[in-house]
Amino acid sequence: MHESELLTQAFVFLLSAVVAVPVAKKLGLGSVLGYLCAGAVIGPFALGLIGHDVEGVMAFAEFGVVMMLFLVGLELDPSRLWRMRIPILGLGGLQVVVTSLALMLAGLGMGYPWQHSLAVGMILAMSSTAIVLQTLNEKSLLKTEAGQASFSVLLFQDIAVIPLLAILPLLALDNAAVAEASHTGLSGWKKTLLVLVVVAGLVLVGRWVSRHLFRIIAETRMRETFTATALLLVVGIALLMELVGLSPALGTFVAGVVMANSEYRHELESEIEPFKGLLLALFFISVGASIDFALFAAQPLTILALVAALIAVKMLVLFALGRGFGMRGQSNAIFIFALAQGGEFAFVLFTFASNNGILPDDIIEPLVLVVALSMAFTPLLILANERWILPRLSGNAEQLPEHDHITSEEARAIVVGFGRFGQIVGRMLRMNGFNITVLEHDAAQVDTVRRFGHQVFFGDAVRLDLLEAAGIDQAELLVIAIDDHNRCRSIVELVRRHYPAIRIISRARGRREAAELLSAGADHVERETFNSALALGRTALQLLGFRSYQAHRAAELFRHHDEVNVRELREVLDDETAFFNRTRQHADDLTRVMQADAQVDLEETEQSWDRD
């Protein structure tokens, strides 16, 4: 490829991402679907703005997945990974085995040999690490029960790629292909020993050598050198894994886990994150560009039927496993819809199967298209789940846990949420002799605070029957101290609609959220960080030369004007332009007021000096 062609292709890729992703985000579709659509439009099978070497681009872009798993590994220290061993081995292992067998039975039913059916089943059992982790992370679901279960399955699948590369050649109808399977030319105990040596080397480098290396690099105070070293580490591990026939993604994940306790963890994350994001975007665009519309046009019903069958089989298996591992309602729905697609490793494994004579091209070509389409449909499936299925589950009383039997004892106040914020409010009220009822919807948090002797009832305050059981009709005050803004607003609206006389005070995340809660009917709102930031600002003024009374006066002036502005913002919540204009105008006004007040204070000080 000539230099001009390379620059042109790079320009097309970047332009498509810049145009498609904001549009997709504006429509609520997520960035992944935006990248996939952009790739489909500019690909060789549509507008043809990029060349036909999509596989080459995808092979390079898959390095984004490698980087992503390195960063995921940095978030997991070995002790936490050990605690996750049951979902990784149990849930992940069963997902791969059961899905492979189910798809194998489907292949046998269609008349294919058992070897081909099993090979296809194992390859299609994989899900997309890149799409699932990116989507769950965007929606802040990665640390939820469903997110952790999804991550466990994906991690096991990445591990399973290693034995799959060893098993697939054994399924070749032509036994001569078995001799080609090894990447290293080794077999048996020699290859096993090599793998153990490589993993031990990763642990050694990650735990001891890298620490001294990064300290030496950090002492140079050259950021670009640190960036180059971080990339060298990831690229080197990936190359080493490929040389010994292992998954580069798995190798970098292990290295990330080993380095999770390193003092340079955060620097590594910040240096690698931009490269990871750019390469992942390139990978998603490549997947979209690989969709062969000509093949699809030739067999549209067959392809769509295969996509639907793949998604349906995986959903059924995931539903059963999710229920078996204790997931219910919304958690199980998120888990099912997140993992019901083919994965990027399928492209690698299908190429491996073709090169080693394991599967014929007439099977591989339509299945590659099926995998690409299933990946493209994933953001849409997750969006459909959010809009139409999760709301039904959240409103289904059968899915909600039974709340505690509440004895309110004519409490004067009800406190909703007993985390760090709610505990301070609740303890202040109780210590000053007020009888309160505390509701907390997180069962683990309820168990924790009960060990410290606090009386807390388990239940979800978005349910009117629970609030009535807590004595909302007799209470004088409702304190909402949960950190979920949408739930806060729902509770405010619910209570204001049914009990308009009660006073409601609420926690809020920021200015817009505070204005929305006031608009919904809250009497008073406290922003989470406002008072602590104000106190810190007052201390900063004192350390920079303000007298104590000057710093206090400046802070109180700031507080008064800012709270007035938040209340005024209620009028323009539905007009984005007016909202920002009002905020900017307030900032300018406040600057002038504070400067004028400082000038007055300076004049008063000078006059007092003159009198002295």
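**Exercise 1. Find the partner of leucine 477 in strand 5, then build the sheet outward.**

Step 1. Start at the pairing itself: leucine 477 has arginine 503 as its bridge partner in strand 5. Strands here are DSSP runs (E, at least two residues), helices are DSSP runs too (H or I, at least four residues), and both are numbered from the N terminus. Before going on, note that this is a predicted model, where local features need pLDDT of at least 70, side-chain atom pairs count only at pLDDT 80 or more, and totals for chains, interfaces and linings use all residues. Residues are numbered from 1 along each chain as its sequence is written, and side-chain values use heavy atoms, with hydrogens and water left out.

Step 2. Strand 4 and strand 5 are parallel and share 4 bridges. Two strands count as paired if DSSP finds at least two bridges between them.

Step 3. Go the other way from leucine 477 in strand 4 and you hit alanine 413, which stands opposite. Strand 1 and strand 4 are also parallel, again over 4 bridges.

Step 4. Keep walking: 4 bridges tie strand 1 to strand 2 in the parallel sense, and valine 416 faces leucine 439 of strand 2. Leucine 439 in turn has phenylalanine 457 as its bridge partner in strand 3, where strands 2 and 3 run parallel with 2 bridges.

Step 5. Put it together: the open sheet has 6 strands in the order 3-2-1-4-5-6, with parallel pairing. Strand 3 (457-458) and strand 6 (524-527) are the edges; each has a single partner strand, so one side of each lacks a neighbour in the sheet.

**Exercise 2. Work out what covers strand 1, and which helix lies across strand 1.**

Step 1. Check the faces: Ala413 and Val415 point to one side, Ile414 and Val416 to the other, and all are buried. Buried means under 20% relative accessible area, exposed means over 50%, and partly exposed is in between (1.4 Å probe, protein chains only).

Step 2. Look for the helix. Helix 19 (residues 420-431) lies across strands 1, 2, 4 and 5, at about 165° to strand 2. For that angle, axes are lines fitted to C-alpha atoms, for helices over the stretch in contact, and angles run from 0 to 180 degrees between N-to-C directions.

Step 3. Zoom in on leucine 429, a helix 19 residue. Leaving out residues up to four places away in sequence, leucine 429 touches Ala413, Val415, Phe434 and Ile436, where a contact means heavy atoms within 4.5 Å. Leucine 429 and alanine 413 are 16 residues apart in sequence, with 8.7 Å between their C-alpha atoms.

**Exercise 3. Say which residues touch the most other members of the largest nonpolar core, and follow one of them.**

Step 1. The answer is Phe70, Leu168, Phe284, Phe335, Phe350 and Leu359, out of 121 residues. A nonpolar core is a set of buried Ala, Val, Leu, Ile, Met, Phe, Trp, Tyr and Cys residues joined through side-chain atoms within 4.5 Å. The largest share of this core, 12 residues, comes from helix 18 (residues 361-394).

Step 2. Apart from this core lies another of 33 residues, including Cys488, Val492, Ile504 and Ala520.

Step 3. Follow phenylalanine 70. Beyond residues up to four places away in sequence, its contacts include Leu233, Phe253, Met259 and Ile272. Phenylalanine 253 sits in helix 12 (residues 248-258) and is buried at 4% relative accessible area. The two phenylalanines, 253 and 70, are 183 residues apart in sequence, yet 4.5 Å apart C-alpha to C-alpha.

**Exercise 4. Decide whether serine 128 is buried or exposed, and list what touches serine 128.**

Step 1. Place serine 128 in the loop between helix 7 (114-124) and helix 8 (129-138).

Step 2. Read off the relative accessible area: at 0%, serine 128 is buried.

Step 3. Its contacts, not counting residues up to four places away in sequence, are Leu154, Gln341, Gly342, Gly343, Glu344 and Met375.

**Exercise 5. Count the disulfides and compare two cysteines.**

Step 1. Call a pair of cysteine sulfur atoms within 2.5 Å a disulfide; the count is 0.

Step 2. Cysteine 37 is partly exposed at 42% relative accessibility, whereas cysteine 488 is buried at 1%.
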